Amino acid sequence: MPAQTPPEDPAGDCIFCKIIARELPAFIVDEDEDTLSFMDINPGTRGHALVVPKRHTQDLITAPADDLARTAVAAQRLSARMKEKLGADGVNLLNCCGADAWQTVFHLHIHVIPRYKDDPQRDPLRLPWIPAPGDMDDIKAASEELIA
Ligand code: 5GP
Ligand code: ZN
């Protein structure tokens, strides 16, 4: 899928703003005053959905805190429903912030990905890295760089 570049006039050319405005079709599964949730058209697992704030904002870092909080609460609500209605065993939340972190649509969104154990048909996902112990000196150095 080709990445959209972050637009000059973000909201004007944004597919998620068009879904919010009902100018593009989507399978909508949840809505409140501030957020919309709809199915991802390239699902990682059965039931994979996206939650977006209605107010356009490019990504996680530029999002106003209240929009981010409301989007997270909507993702929580949808996660519970995925367990209840789809029989998911667990749920992953994913946010990609920036093109180098796999973001392709530059309107903040949280992926809500239901997980099904021992069911490769509905859930073919695997971790994108192999967990292995890190170098303690580098972990410590990174922690020191991160402290505000
Ligand atoms: P990102 O890569 O930015 O984290 O996620 C963007 C997601 O939006 C992708 O998983 C992609 O499948 C989904 N997507 C892209 N275009 C559309 C669309 O027109 N409609 C819907 N429902 N999802 C889309
Ligand atoms: Zn938008």
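Which atom of ligand 1 lies 3.0 Å from a backbone N or O atom of Val105? The partner is an oxygen atom of ligand 1, and the legends below start from the whole model and work towards that spot.

**View 1. The whole protein, with three helices and five strands.** Welcome to a predicted model, in which local features need pLDDT of at least 70, side-chain atom pairs count only at pLDDT 80 or more, and totals for chains, interfaces and linings use all residues. Residues are numbered from 1 along each chain as its sequence is written, chains are lettered from A and ligands numbered from 1 in the order in which they are written, and side-chain values use heavy atoms, leaving out hydrogens and water. Follow the sequence and you meet the pattern α-β-β-β-α-β-β-α (helices are DSSP runs of H or I with at least four residues, strands are runs of E with at least two, numbered from the N terminus). Along the principal axes, the C-alpha atoms fill a box of roughly 50 × 40 × 30 Å.

**View 2. The largest pocket, home to ligand 1.** A pocket is found on a 1 Å grid over the protein atoms alone, as an open set of points where a 1.4 Å probe fits, with protein on both sides within 12 Å along at least five of seven lines; lining residues have an atom within 4 Å of a point. A molecule sits in it if more than half of its atoms lie within 2 Å of its grid points. The largest pocket holds about 980 Å³ of space, a volume filled by probe spheres set on the points. Its lining has 35 residues, with Asp40, Asn42, His48, Leu94 and His111 nearest the centre. Elements giving two or more residues to this lining are α1, β2, β4 (90–94) and β5 (110–115).

**View 3. The shell of 16 residues around ligand 1.** Each has a heavy atom within 4 Å of the ligand. Met39, Asp40, Asn42, Thr104 and His111 come nearest. Helix α1 (15–20) and strand β2 (35–39) each supply at least two shell residues, and α1 gives the most, with three.

**View 4. Polar contacts at the oxygen atoms of ligand 1.** Such a contact is a pair of N or O atoms within 3.5 Å. A polar side-chain atom of Asp40 lies 2.5 Å from an oxygen atom of the ligand. From the backbone, an N or O atom of Trp102 lies 3.0 Å from a ligand oxygen, and Val105 also places a backbone N or O atom 3.0 Å from one. Taken alone, ligand 1 exposes 520 Å², of which the protein buries 88% (Shrake-Rupley method, 1.4 Å probe).

Methods:
Polar contact = N/O pair within 3.5 Å; in protein donor to acceptor, adjacent residues only side chain to side chain.
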